[in-house]
Amino acid sequence: PSSNLHPTFSLGLAVCLLTAGLVIPLAGVLSFKRHGTTPDPRVPEQSSALVTSGIYRCSRNPMYLGFVLLLLAQAVFLNCLWLLFLIALFVAYLQRFQILPEERAMQQLFGDSYRLYCQKVRRWI
């Protein structure tokens, strides 16, 4: 199924989502680099600093948020509503198999500092 969005609006929205989907994760990676810690999500136990500044004041997972925004941009550009279902599955997968294990690792590494950060900043937005 497709939406009834006007093509000009659809293209503008897709470009906005694409831009945000590129800028937000880039800001996350740059924040990690500035703090001298790894942005590699496969090895959260190698994190050497808890980054809570920059984009991390707004989202605990700006890189994953960016990936979702890129997928939304594609769905809007293609005018394809069924892709929203696949994006929802992707978010559920990320939540269960990537974010929750990362959060456990961060809790072990940074203890109360991480717990307080989680109370202040939402997981996504």
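**Exercise 1. Compare the length of helix α3 with the distance between its ends, then locate the kink.**

Solution. Start with the residue count: in this predicted model, helix α3 runs over residues 82-120 and has 39 residues. Next, take the expected reach, which for a straight helix at 1.5 Å a residue would be 57 Å. Now look at the end C-alpha atoms of α3, which are only 34 Å apart and so fall short of that value. Finally, look along the helix for a bend: α3 has a kink of about 125°, centred on F110.

**Exercise 2. Apply the 1.5 Å a residue check to α1, and work out which of its residues are buried.**

Solution. Helix α1 has 28 residues, so its expected span is 40 Å. The end C-alpha atoms of α1 are 40 Å apart, in agreement with that figure. Then turn to burial, for which the cut-off is under 20% relative accessible area. The buried residues of α1 are S10, A14, L17, G21, I24, P25, G28, S31 and F32. Part of their cover comes from α2. Following α1 you will meet G36, with a positive phi near 70°.

**Exercise 3. Decide whether T38 is buried or exposed, and list what T38 touches.**

Solution. Place the residue to begin with: T38 sits in the loop between α1 (7-34) and α2 (62-78). Its relative accessibility is 19%, so T38 counts as buried. Next, follow the side chain of T38, which comes to 3.0 Å from the backbone nitrogen of D40. Setting aside residues up to four places away in sequence, T38 touches F32, V43, Q46 and S47. One of these, F32, is itself among the buried residues of α1.

**Exercise 4. Find the residues that touch the most other members of the largest nonpolar core, and say which helix gives the largest share.**

Solution. A general idea helps here: in soluble globular proteins, nonpolar side chains tend to be buried together. The largest nonpolar core has 16 residues, and L17, Y64, L65, L69 and W124 touch the most other members. At least two residues of this core come from each of α1, α2 and α3. Helix α2 gives the largest share, with seven residues. Now zoom in on W124: beyond its neighbours within four places in sequence, W124 contacts C58, S59, Y64, L65, V68, V91, L94, Q95 and I99. There is also a second, separate core of nine residues, including V51, Y56, M106 and F110. F110 is a residue you have met already, at the centre of the kink in α3.

**Exercise 5. Trace the salt bridges and identify which residues are joined into one network.**

Solution. The structure holds four salt bridges, and we will walk through some of them. Begin with R60 and E103, whose side chains meet at 2.7 Å, N to O. This pair links distant parts of the chain, with R60 in the loop between α1 and α2 and E103 in helix α3, 43 residues apart. At a relative accessible area of 14%, R60 is buried, and E103 is buried too, at 13%.

Then add R123, which forms a salt bridge with E103, again with closest N and O atoms 2.7 Å apart. R123 lies in the segment after α3, 20 residues from E103. With a relative accessible area of 24%, R123 is partly exposed.

Next comes R115 with D112, where the closest N and O atoms are 3.5 Å apart. Both residues lie in helix α3, three residues apart, about one turn of the helix. R115 is partly exposed, at 36% relative accessibility.

To finish, look for shared partners: salt bridges join R60, E103 and R123 into one network.

Definitions and conventions: Residues numbered from 1 in each chain as written. Predicted model: local features only at pLDDT ≥ 70, side-chain atom pairs only at ≥ 80, totals over all residues. Heavy atoms only, no water. Helix = DSSP H or I, 4+ residues; strand = E, 2+ residues; numbered from the N terminus. Bend = angle between axes of the 7 residues up to and from the residue. Buried < 20%, exposed > 50% of the residue type's maximum accessible area, 1.4 Å probe, protein only. Polar contact = N/O pair within 3.5 Å; in protein donor to acceptor, adjacent residues only side chain to side chain. Contact = heavy atoms within 4.5 Å. Core = buried A, V, L, I, M, F, W, Y, C linked by side-chain atoms within 4.5 Å.
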